[in-house]
Structures are given as structure tokens and as C-alpha cells.
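Please open the model in your viewer and keep the sequence panel beside it. The tour below moves from one selection to the next and says what is found at each stop.

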Amino acid sequence: MQLCHRTIACLALFTVVLSITTTDTDANKVHNCCTKVSKQKITVPIIGARLQKKALPCVNAVIFETDNGETICSHWKESWVRKAFFQLEMARKSLDTQVPTANSPTTSP
């Protein structure tokens, strides 16, 4: 009977160690995408943004780049996120139309 209790205790210990190892391994995986998003408004200056489509483990997100080098994954349904993304796109398009390209015609006096 004592052997039975030891076997059960060893099996229980093995199960706990295995579950911790599995959880730890999953938590330490490096993803080059947003797997979680924040709804909190960003208070530092934003210098860029890009959209991310859902492709597990990645989720739908707007990825903002701040002037201090951070990338922040934000929830795409938040109104402030849509507004900030739209403003950045408008500023980018405005710059694109102001900067002459090599193919654009030049005028001479």
C-alpha cells in the first residue's frame, strides 16, 4: 500500500512539473507581433503606426511607434486609436505630395 502512495505522489509531482514547464515555455516564446493589445491612450508623442492583421498567435492591432523607441500594441476599435492612425496617415500623405521624386518633372525659370 505504501508503494501505491509513493507512485501516486511521484505521478502528481511529475504532472505539476510538466504543467509548469509547458506554461513557462509558452510564456517565453518570442513573437514578432502583437499577441495582446492595450486600450490605454498613449501619452508620449507618436511618430509612426502600422496595422497588424490577425494570424494566430498575432491579433488585430494598430502598432504605434513612439519617439522614445517603444512599440505599443493598441486595440484597433478604440476611437482614439482610429483618430491617431488617421492623423498619422494624413501627415504622411501630405509629406509624400510635398517631396519631389526623381521621376517628377522639374520646372525651370
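Begin by selecting Cys34 and Cys73, which form a disulfide in this predicted model, with their sulfur atoms 1.9 Å apart. Looking along the S-S bond of Cys34 and Cys73, you will find a torsion of about -75 degrees, so the disulfide is left-handed. Because Cys34 lies in the loop between α1 and β1 while Cys73 lies in strand β3, the pair ties together parts that are 39 residues apart in sequence. Cys34 has a relative accessibility of 2% and therefore counts as buried, the limit being 20%.

Stay with Cys73 and display strand β3, which spans residues 71-74. If neighbours within four places in sequence are set aside, Cys73 is in contact with Cys34, Lys36, Val37, Ser38 and Val62. Of these, Val62 deserves a distance label: Val62 and Cys73 are eleven residues apart in sequence, and their C-alpha atoms are 5.9 Å apart in space.

Next, select Cys33 and Cys58, a cysteine pair that forms a disulfide with its sulfur atoms 1.9 Å apart. Here the torsion about the S-S bond is about -85 degrees, so the disulfide of Cys33 and Cys58 is left-handed. This pair links distant parts of the chain, with Cys33 in the loop between α1 (2-27) and β1 (46-52) and Cys58 in the loop between β1 and β2, 25 residues apart. Cys58, at 13% relative accessibility, counts as buried.

With both cysteine pairs on screen, how many disulfides does the count come to? The count comes to two disulfides, and when the bonded cysteines are numbered along the chain they follow the pattern 1-3, 2-4.

Return to strand β3 and select Ser74, which lies in this strand. Is Ser74 buried or exposed? Its relative accessible area is 0%, so Ser74 is buried. Beyond the neighbours within four places in sequence, the contacts of Ser74 are Val37, Ser38, Ile42, Ala61, Val62, Phe64, Trp80 and Val81.

Two residues from that list, Phe64 and Trp80, make the next selection. The count of aromatic pairs comes to one: the rings of Phe64 and Trp80 have their centres 5.8 Å apart and their planes at 20 degrees, so the pair is stacked. Since Phe64 lies in strand β2 (residues 61-66) and Trp80 in helix α2 (residues 79-98), the pair ties together parts that are 16 residues apart in sequence. Phe64 counts as buried at 0% relative accessibility, and Trp80 counts as buried at 13%.

Finally, clear the selections and colour the whole chain by secondary structure. The protein has two helices and three strands, and, read along the sequence, these elements follow the pattern α-β-β-β-α. Switching to a surface view, you are looking at about 9100 Å² of exposed area, of which carbon and sulfur atoms supply 60%. Of the 109 residues of the protein, 17% count as buried, and Phe64, Trp80, Ser74, Cys58 and Cys34 are among the buried residues visited on this tour. For a last display, draw the contacts between residues with a sequence separation of 6 or more: residues 24 or more positions apart account for 36% of them.

Notes
Residues numbered from 1 in each chain as written. Predicted model: local features only at pLDDT ≥ 70, side-chain atom pairs only at ≥ 80, totals over all residues. Heavy atoms only, no water. Helix = DSSP H or I, 4+ residues; strand = E, 2+ residues; numbered from the N terminus. Buried < 20%, exposed > 50% of the residue type's maximum accessible area, 1.4 Å probe, protein only. Contact = heavy atoms within 4.5 Å. Areas by Shrake-Rupley, 256 points an atom, 1.4 Å probe, with all protein chains shown as cover. Phe/Tyr/Trp six-rings, centres within 6.5 Å; stacked < 30°, edge-to-face > 60°. Disulfide = S-S within 2.5 Å.
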